[in-house]
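Biologist: Mind walking me through this one? I'd like to know how its pieces fit together.

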Amino acid sequence: MDTLLAFLRRVLSLCGKELLIILKDPANRALLVVPVLLESLLFGYAATYDLKHAAYALLDEDKGPAAVALAARLDASGGFRRVATLRNETDIAPVIDTQQALFVLHIGPEFEKQLRSGQPAPVQLILDARNSTTAGNAATQLAGIVEQFNDDWLARNGARALPVQIISRAWYNPTSDTRWTMMTALIAALSMLQTLSLTALSVAREREQGTFDQLLVTPYTPTEIMIGKCVPSMLVGIAQSTIILLVGNLWFKIPMAGSAWALYGSLLLFTLAVVGLGLAISALSSTMQQAMLYAFVLIMPLMLLSGLATPIANMPQPMQWLTMLNPLRYAIDLVHRIYLEGADLGALVGDIVPLVIIACITLPLAAWLFRHRLE
Amino acid sequence: MTSSRGASSRRVAALVRKELRQLLRDRSNLLMGLALPIVLILLFGYGMTFDVRDARVALVMEDRSPEAADVVAGLALSRHITPTLVNSMRDAERRMADRKADAIVRIPQDFSRRLAAGKADIQVLTYGVDANHARTIQSYVEQALALWQARQADRRGAAHGAAGFVVLEPRLWFNAANTSTWFLVPGLIVIIITLVGAFLTALVMAREWERGTLEALFVTPVRPMEILLAKTIPYFCVGLIGLLMSILAARFLFGVPLHGSLGALLLASVLYLLVALGLGLCISSVTRNQFVASQVALLASFMPALMLSGFLFDLRNMPAVVAGVGHVLPATYYLELLKSIFLSGDFWPMILRNCAVLLLYAIVLMALAHRRTRKHLE
């Protein structure tokens, strides 16, 4: 009992020392809070695929009432804004090349005639697909408008409207808002950046400044030193996650469906796995420069291949297998499912077990590396 | 004058040699500068795509009439969708909850009866947690169903001689294959160069300050400008090699077309590399502390370049203030340059404008680094 108490006291004092190092410098303190707050706000607004008054140009070679009505529908929809009205086909290229317009709607001279004679009347849509996501979204929205136009046109001309209607609904995110996806994913992703690099740098800094050797001649055991390095980084990570969570919940008003306990339990497990990675990097590098480079080499793929930027399901199969090593992949899935779906921990075993395994490998590995580097 | 200029270039050459030795001694630098760009562009080029493949759609046929079968026949034809027939709605919902289905298409029991009456519904449910993915899948399903719809109307129209209808024919310029790889790969080059440039140099000045070796340099006749120049040149070379490898990978591995000229591409890239190196040097000489410098570089270069440059999210869709922040980032200008030069061709007014912006950034950042280095000397 006494030994346990002494152990706890020693670990506590070490944690206190590490926290002091992280927090004593005002520049450091600001660095832990301000960027996370600022970036979660900025990215929350930036994370949208919804078109906002997309600029378009109209080339109407028909000028009949039907063509005018179709263009009017576009202007009235609110999603599009006409920036130019073109005269002939040679005008199309310059408007698109200069990015003046996202797309050109080209109504041919036969439009009204074809429509009245009961034929399909083609309308050309020329999209700037330099950003294929934006182009795809514009095409989808336009298709909806054209469909409405068809319904009304057919009804007005005595034909029956198209008989089948598609009723779509997105589960757990009724407005299909990308912000919901992104902000919740950032709870895990953004805090990982600094948790990982803080841990990776902490030992490297002591090594570079020579204080690590001093630490080693104290009565602390290597395990205690490691715990002392882990806990403060985890606290920082959890605190940053909380900031992003609050921004998402209070500022962007994303409703939380699941329990805070489940969320924090998962985040704790995730930061533990991340800290393990950070310590392993720390053990491998002898200078801060090295530690930072290694941390960064790791952070890039962890971030970009986690499902944060593009869905994992779209990747080629071997790449999907590779992402199974990525703790962030599981953390993002956990946060998504707890926050948006309200899933309980029982349904999340598939994410929790891999995180436990990663933590169980990286932490002992870091300990082993430390011992072997020191000899 | 000539002799002093000769002395200056001799000093710079000596310093460059020193930096080069330092750089080569630590293998992690070479790893960062040379191996990293190629590994990253391979990983991300193959791994990152918005193009949905084999979306798993659970199909609930509560109506087993021939009409209903005809409707869903179109779904199986789409190469983006893999429909699976399930027995009941409850079954489908369980699949969705277990993440074994990305969407549910439901043909209700009264479908054929209501179709005869001219007003039938089809339900499409998507897993909205990944909103963009869900929306893409939804639009594929809707496209497949709309195709059937058009066929139907065509048949009826021909029979009754009734009114026609509008068909939209989308044509994708600059990206005819409609693959997101074409716009993601240029974006990756931006991110990789930002990283390599800013990270290689973010610590070099801070390290000298921290260890006190910079003061040792100050007592020698070298000028601050020469120190900065000597710090830039070796890392510029390392970054340049990484840059060229990324461009080659984009062109030949991922088949991104190069419609513009190689000259414009190189000009823009070299300018941006200078901006990235300048950013690193600036962070380094302003913070004078490796730890702080590393955190600033991490937060100021990577995440903004990812989120606010137009790489993932289109600046045109953002609120004005946030788009404004995006337009302060040099990465935004380089990305616009790359996308246009690769995918659409040389459009000189834009190229010149953006290159001028990048040049301005490079000069301002270097001047700032120079100022912060000189100040301490006095």
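**Helix packing and chain contacts**

Modeller: α10(B) goes past α11(B) in a right-handed crossing (the near helix is turned clockwise from the far one by less than a right angle). This is a predicted model, where local features need pLDDT of at least 70, side-chain atom pairs count only at pLDDT 80 or more, and totals for chains, interfaces and linings use all residues. Residues are numbered from 1 along each chain as its sequence is written, with chains lettered from A and ligands numbered from 1 in the order in which they are written.

Biologist: How do the residues of the contact of α10(B) with α11(B) divide into nonpolar, polar and charged?

Modeller: Contact means C-beta atoms, placed from the backbone, within 7 Å. α10(B) brings residues including Leu228(B), Lys231(B) and Phe236(B), and α11(B) brings Leu265(B) and Ser269(B), among others. Ala, Val, Leu, Ile, Met, Phe, Trp, Tyr, Cys and Pro count as nonpolar, Asp, Glu, Lys and Arg as charged, and the others, Gly among them, as polar. The split is 10 nonpolar, three polar and one charged.

Biologist: How far apart are the centres of domain 1 and domain 2 of chain B?

Modeller: The bounds come from an automatic or database domain assignment. It gives 2-48 + 178-375 for domain 1 of chain B and 55-146 for domain 2. Taken over C-alpha atoms, the centres are separated by 48 Å.

Biologist: Which helix gives the most to the side of chain A that touches chain B?

Modeller: In all, 97 residues of chain A are in contact with 91 residues of chain B. Helices here are DSSP runs (H or I, at least four residues), numbered from the N terminus. With 13 residues, the top contributor on the chain A side is helix α6 (residues 132-156) of chain A.

Methods:
Helix = DSSP H or I, 4+ residues; strand = E, 2+ residues; numbered from the N terminus. Contact = placed C-beta atoms within 7 Å.
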